[in-house]
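New to this one? Take a moment to look it over, and then we'll walk through a few parts of it together.

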Amino acid sequence: MPNIIAVVCASYGLAQSVCDGEDLPARAERFFRSDHTNNWAVLVCTSRFWFNYRHVANTLSVYRSVKRLGIPDSHIVLMLADDMACNHRNPKPATVFSHKNMELNVYGDDVEVDYRGYEVTVENFLRVLTGRLPPSTPRSKRLLSDDHSNILIYLTGHGGNGFLKFQDSEEISNVELADAFEQMWQKRRYNELLFIIDTCQGASMYERFYSPNLMALASSQVGEDSLSHQPDLAIGVHLMDRYTFYLLEFLEDIHPASQANMNDLFKVCPKSQCVSTPGHRTDLFQRDPGSVLITDFFGSVRKVEITMETINLTVPGIPLERFGGEPHTETALAYVDQLPVAQIIHQKPKQKDWHPPDGFILGLWTLILLVFFRTYGIKHLKHIF
Amino acid sequence: IGMKVRPVLSDPEKQRGRSAAVAIAALVIAAGIPLWWKTTETYRAWLPAARISELEALQLELRVEVEVVFARGTLSPEQQKKVPASRITYESCCKSKSLCLVEADHALHTLTETSCGSVVIYIIPEASALLPQDMRVYVGRSRTALLRSQVASVVGAGLPEVLAALDPQMEQVLQTMSFNHQDVTAALTDRLRPGLSTRDSLADSMRAFKSSPGYEITFSLLNPDPKHHQLHWDVEAALDAYIYPLLHKMAPVANFSVDSQILYYAVLGVNPRYDASASAYTLSADSLAHVINPVEARLGSNAASSNPVLNFLLYVPDSLHSPLIIRNDQKQEVASNAFHSPRWGGIMVYNVDGAYGNDTQFPVDIAIDMSRVMGVFLSQLRLMLGFQQTGAPPGFVLEAAGREGVAEWELDRLLWSRSVENVATASASITSLAQLLDQIANIVINDNIAQQVASAVTALQAAVAELEAGNLALALEHSREAISASERAFFDPSLLHLLYFPDDQKFAIYIPLFLPMCVPILLSLLKIFREVQQHRAEKRAKRD
């Protein structure tokens, strides 16, 4: 149905353009496929401790996909509750792998974590969503969305029926989450919102939503557990959860100009692969999911318009100098001497201070002497002294 | 042995026991329960709920002051007698026919002082040669319009009839110069049901930034090829000459902070295709959407403020890919060689291959023609700030803004829609905040929030009153105050509600604390009550 409308309007546009050279209806049609002008992503990992490595890997793989499809770091709020890449137990430091045999390092070179460690709390998460941050919060830690922003929210961790556990010490309930989204809607902080949750009994978290333009996906129904995918024997923990593993596989096939829609996303990880039954909720969403592109939420496809009008500023108010044939009279710039090289070269070799032999040497020699005198008898002592 | 002996209490002891129990119960009920209630309640400062509920049914009335001036020769002599002339001046400037429109407009502008939001319409005779033959209306750079009409032929020559005859034309002028139905609904788009506004106005509202107390504008020069091109751009002087006048005029609307930067080795994310027919590299309209994202990662932004950022990029293609032209959907070359993205900014491609030949020594010094660049950026900036591309209605001549960047009536148009938008947003914030605080009973409302809400409501009512009176400048000021106070109140960090406690959890907390204390008190009260009853029954039996 949407395709037919598009064709009709385009042809109308062409007919009109013969008359006035403007394809306003076709241009407007492209505008109205979706109402958003920018994209944001809030990616949260709520569990700490080394054995919850897979939750950090989940979040980082969604982060990687979202960055690859175009959303810049300034529009991503990444919250990781624990540091796995630089964890003492990580046999491969500065890496977080998502496939066994260490095929894919999702940590990469330019990860920008906005909330780390103990900063990931229920309070901070709700503050980010509702915008009630203290005035000293820097820009990178804020969700500066407006009424034409599409937001992707991804939560992962340990959850139960109606709650999600943060940091092993507190929890957020589905009622609080629904209220937070309603407050976002009241202030028109989003145009459309996609909520994905990968926890046990994840579907309970979106049961209580009541604000418009929300679409939700969960990895398991109430009463089911979301299972992890595969352990890696070298690292020693499970690397990813099943749902996010197949989600990442699906997203790797998406490129910024892709036309895949939400119905394909709903089919990710059927029961045969996931063991749990993924669920989704679209009744609060106004558009038909088949017409919603994946890149509407995971990517950042900008709308552009050609600039038709320009202003003629012929006579400049202030004459601007021409740089054409100016001779280069500047002196060559040089760095100030950082090291006093002259002093170093002509320096006398520094006297090494004498240190008494340390414990190891002492112990070694004592051992040797003991063994010698033990073997050959104490009477040889007079030969030495 | 092992027998339970009940202590026999004498009467005064029993009395003392009874009064002790009653006293404890009285203390608990009279002092304990209020104390517990008081100490567990959340502090909620008083909010003006009545005034806030009035805001929900807010009716906006917008009033434009119009001054109609009849030039010589438009009214017949008997009409002239009947029209109450507040000022009869003979404008000598209109007599000479060789005067051009712009000069006439300028001369007329100096005659009357127009306040912000008002419009002056000069009625000139049909036979006047100032306007071209088929044009009826000329709208100048300030708030004046020239309307060509013949009212001498109107029958019944009083003032009301004359004005009634001019009404439809004047309304058209006002709709172009001040506001019309579409503008107002566009300013209220997110508060209205979808489908009420037209697509053009919706596209305009998507393109322009929402009303905000400040904006950051960044001008960036992208030089992917510093080995060959050494670019010089005198951006400070250009900003002084072309952009700052516009921003200065916009000062009542918002604060602006402008900065500029040069990025080296910054490439567009799209490979342009070589077109042999034009002997140039081309970027098609479809690929433009993918240009912005790789570049955006490298543009900085001011970390200290949360204001929306407008980016204007000037891209000078590297020598291998010069010249680079942009093609639109119909594969035609775009004159400005620039494109813009709604709510983000604009990018212009500036080709410098004409400035040097093949055998010059690299790097070549190139000075960028800032007037051409700023012409494009200025028009993009106008679009981003909300000055719509109004198509002139048939028969109208709209004077282009020229070097000042914006005409006064265009600014007035923006001020009208901004005031309406601010009033709508502020009232929506206040009403939803009041609703939220009502619903969630355990949010603490501090004094400063109550103060912000009260001042926002006051400012809102003042803004509505000024809009009704037609004082646009004051209305805008009040509406800005209202929206900043309401935003501060809504987004105050202390308004995070305490964790959600379901009712059964509340019972689970209070019962172990209060039940052991209340059970003895209740039982003793019951016992006292039963004894009193018994005593009374005995007394009645004795009497009888």
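Here is a short tour of two sheets, the helices beside them and one arginine in chain A, bearing in mind that this is a predicted model.

## The seven-stranded sheet

Let's begin with an open sheet of 7 strands in chain A, laid out in the order β3-β2-β1-β4-β8-β9-β10 with mixed pairing. At its edges sit β3 (115-116) and β10 (279-281) of chain A, and each of these pairs on one side only. Two helices go with this sheet. Helix α3 (residues 53-68) of chain A packs on it and touches β1, β2 (76-80), β4 and β8 of chain A, with a direction about 165 degrees from that of β2(A). Helix α6 (residues 242-252) of chain A lies across β4, β8 and β9 (214-218) of chain A, at about 130 degrees to β8(A).

Now zoom in on β1 (residues 38-45) of chain A. It runs parallel to β4 (residues 149-156) of chain A, and 8 bridges join the two. β1(A) is also parallel to β2(A), this time through 5 bridges. Ala41(A) is a handy landmark here: it stands opposite Leu152(A) in β4(A), and its bridge partner in β2(A) is Ile76(A).

As for β2(A), 5 of its 5 residues are buried. Ile76(A), Leu78(A) and Leu80(A) point one way, while Val77(A) and Met79(A) point the other way.

## The three-stranded sheet

Chain A also has an open sheet of 3 strands, in the order β5-β6-β7, and its pairing is antiparallel. The edge strands are β5 (159-160) and β7 (170-173) of chain A, each pairing on one side only. Strand β6 (residues 163-166) of chain A pairs with β7(A) over 4 bridges, and one of the partnerships is Phe166(A) with Glu170(A) in β7(A). Helix α4 (residues 122-130) of chain A packs on this sheet, touching β6 and β7 of chain A and making an angle of about 35 degrees with β7(A).

## A buried arginine

Last stop: Arg189(A), in the loop between α5 (174-186) and β8 (192-198) of chain A. How far away is the nearest side chain of opposite charge? That side chain belongs to Glu487(B), and it is 7.7 Å away; Arg189(A) is buried yet has no salt bridge.

What the side chain of Arg189(A) does reach is the backbone oxygen of Leu143(A), at 3.0 Å. Beyond its neighbours within four places in sequence, Arg189(A) is in contact with several residues, including Val128(A), Asp146(A), Ile151(A) and, from the other chain, Phe491(B).

Notes:
Residues numbered from 1 in each chain as written. Chains lettered and ligands numbered in written order. Predicted model: local features only at pLDDT ≥ 70, side-chain atom pairs only at ≥ 80, totals over all residues. Heavy atoms only, no water. Buried < 20%, exposed > 50% of the residue type's maximum accessible area, 1.4 Å probe, protein only. Lys, Arg positive; Asp, Glu negative; His and termini not counted. Salt bridge = Lys/Arg side-chain N within 4 Å of Asp/Glu carboxyl O. Polar contact = N/O pair within 3.5 Å; in protein donor to acceptor, adjacent residues only side chain to side chain. Contact = heavy atoms within 4.5 Å. Pairing = 2+ DSSP bridges. Axes fitted to C-alpha atoms, helices over the stretch in contact; angles between N-to-C directions.
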